[in-house]
Amino acid sequence: MSKWQRQAQRIGTLQVAALALTATVALYTALVAFGNITDFGTNREFVRHVLAMDTTFKDDDLMWRAITDHALQDIAYVAIIVWETVAALVLITGTALWVRGPAAYRVARRVTTVGLVMVLLLFGMGFIAIGGEWFAMWQSAKWNGLQAAERNFVVAGLVLVLIHLPVRDEA
């Protein structure tokens with residue numbers, strides 16, 4: 001069997017699917033971080049409104065949770081950007097490891113797992129749980145990012161499941 005034929009057979013493997021999907025999440029996460037860095041003000045306003053809870057139902061039983069101090073809001077936003085950037089770098093590293101092929105499978109899976117869990121924590125814990133529930137983002141018609149967060153959570157979760165499927169020797 002020629003080298004080209006062996007490479008063609010490899011295209012349909014789980015490792016190549018893991019490579020493609022890891023690269024997709026890595027690119028998306030990198031673009032999100034890049035956008036937040038280069039257009040800092042747009043999503044800063046989003047974070048400020050969510051934390052201030054200024055477009056929620058203004059229930060007195062919830063409003064004590066609001067964070068209205070701009071410095072604290074900006075610290076939270078910068079922390080989000082740093083987290084996104086590190087997650088993107090980890091996933092880019094995972095992608096590079098998947099490119100190396102079956103020899104790097106175990107380390108690629110471990111590195112990708114770390115990056116995907118970072119994405120799951122950001123969108124699941126950060127945006128769905130903390131933003132959506134603690135700061136009642138679900139109540140806001142204008143500053144509600146739950147659909148996007150849920151979409152990102154599901155995609156990262158599906159890729160995480162895929163990379164942990166058992167693999168037979170497909171060489």
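Contact here means heavy atoms within 4.5 Å, and the views described below all come from a predicted model.

**View 1. Asn36 and the residues it touches in the predicted model.** Asn36 is found in helix 2, which covers residues 14-38. Leaving aside residues up to four places away in sequence, Asn36 touches Asn43, Tyr77, Ile81 and Glu84. With one of these, Glu84, the contact is also a polar one, made from side chain to side chain at 2.9 Å. Because its relative accessibility is 3%, Asn36 counts as buried, the cut-off for that word being under 20%.

**View 2. The largest pocket and its lining.** The largest pocket has a volume of about 410 Å³. Of the 19 residues that line this pocket, Leu51, Ala76, Ile80, Gly126 and Ile130 are the closest to its centre. Two or more lining residues come from each of helix 3 (40-52), helix 5 (70-99) and helix 6 (105-134), and helix 6 gives the most, with seven residues. In chemical character the lining divides into 17 nonpolar residues and two polar ones, with no charged residue.

**View 3. Thr113 in helix 6.** The place of Thr113 is in helix 6, the helix that also gives the most residues to the lining of the largest pocket. A polar atom of the Thr113 side chain lies 2.7 Å from the backbone oxygen of Arg109. When residues up to four places away in sequence are not counted, Thr113 touches Leu160, Ile163 and His164. Is Thr113 buried or exposed? Thr113 counts as buried, because its relative accessibility is 19% and the word applies under 20%.

**View 4. The aromatic pair of Phe57 and Trp138.** A search of the whole structure finds six aromatic pairs, and this view shows one of them, formed by Phe57 and Trp138. The centres of the two rings are 5.7 Å apart and their planes stand at 85 degrees, so the pair is edge-to-face, a term that applies to planes over 60 degrees apart. Phe57 lies in the loop between helix 3 and helix 4 (60-63), while Trp138 lies in the loop between helix 6 and helix 7 (146-163), so the pair ties together parts that are 81 residues apart in sequence. Phe57 counts as exposed because its relative accessibility is 57%, whereas Trp138, with a relative accessible area of 43%, is partly exposed.

**View 5. Met53 and Lys58, two residues with positive phi.** Met53 lies in the loop between helix 3 and helix 4, and Lys58 is found in the loop between helix 3 and helix 4 as well. Phi of Met53 is near 55 degrees, a positive value in a residue other than glycine. Lys58 likewise has a positive phi, of about 60 degrees, although it is not a glycine. As for their exposure, Met53 counts as buried because its relative accessibility is 1%, whereas Lys58, at 42% relative accessibility, counts as partly exposed. Phe57, which is shown in the view of the aromatic pair, lies in the loop between helix 3 and helix 4 too.

Notes
Residues are numbered from 1 along each chain as its sequence is written. This is a predicted model: local features need pLDDT of at least 70, side-chain atom pairs count only at pLDDT 80 or more; totals for chains, interfaces and linings use all residues. Side-chain values use heavy atoms; hydrogens and water are left out. On a 1 Å grid over the protein atoms alone, a cavity is a set of points where a 1.4 Å probe fits but cannot get out, and a pocket is an open set with protein on both sides within 12 Å along at least five of seven lines; lining residues have an atom within 4 Å of a point. Grid points are joined across faces, edges and corners, and a volume is the space filled by probe spheres set on the points. Helices (H or I, at least four residues) and strands (E, at least two) are DSSP runs, numbered from the N terminus. Ala, Val, Leu, Ile, Met, Phe, Trp, Tyr, Cys and Pro count as nonpolar, Asp, Glu, Lys and Arg as charged, and the others, Gly among them, as polar. Buried means under 20% relative accessible area, exposed over 50%, partly exposed in between (1.4 Å probe, protein chains only). A polar contact is a pair of N or O atoms within 3.5 Å; within protein, one must be able to donate a hydrogen and the other to accept it, and residues adjacent in sequence count only if both atoms are side-chain atoms. Rings of Phe, Tyr and Trp (its six-membered ring) pair if their centres lie within 6.5 Å; planes under 30 degrees apart count as stacked, over 60 as edge-to-face and the rest as tilted.
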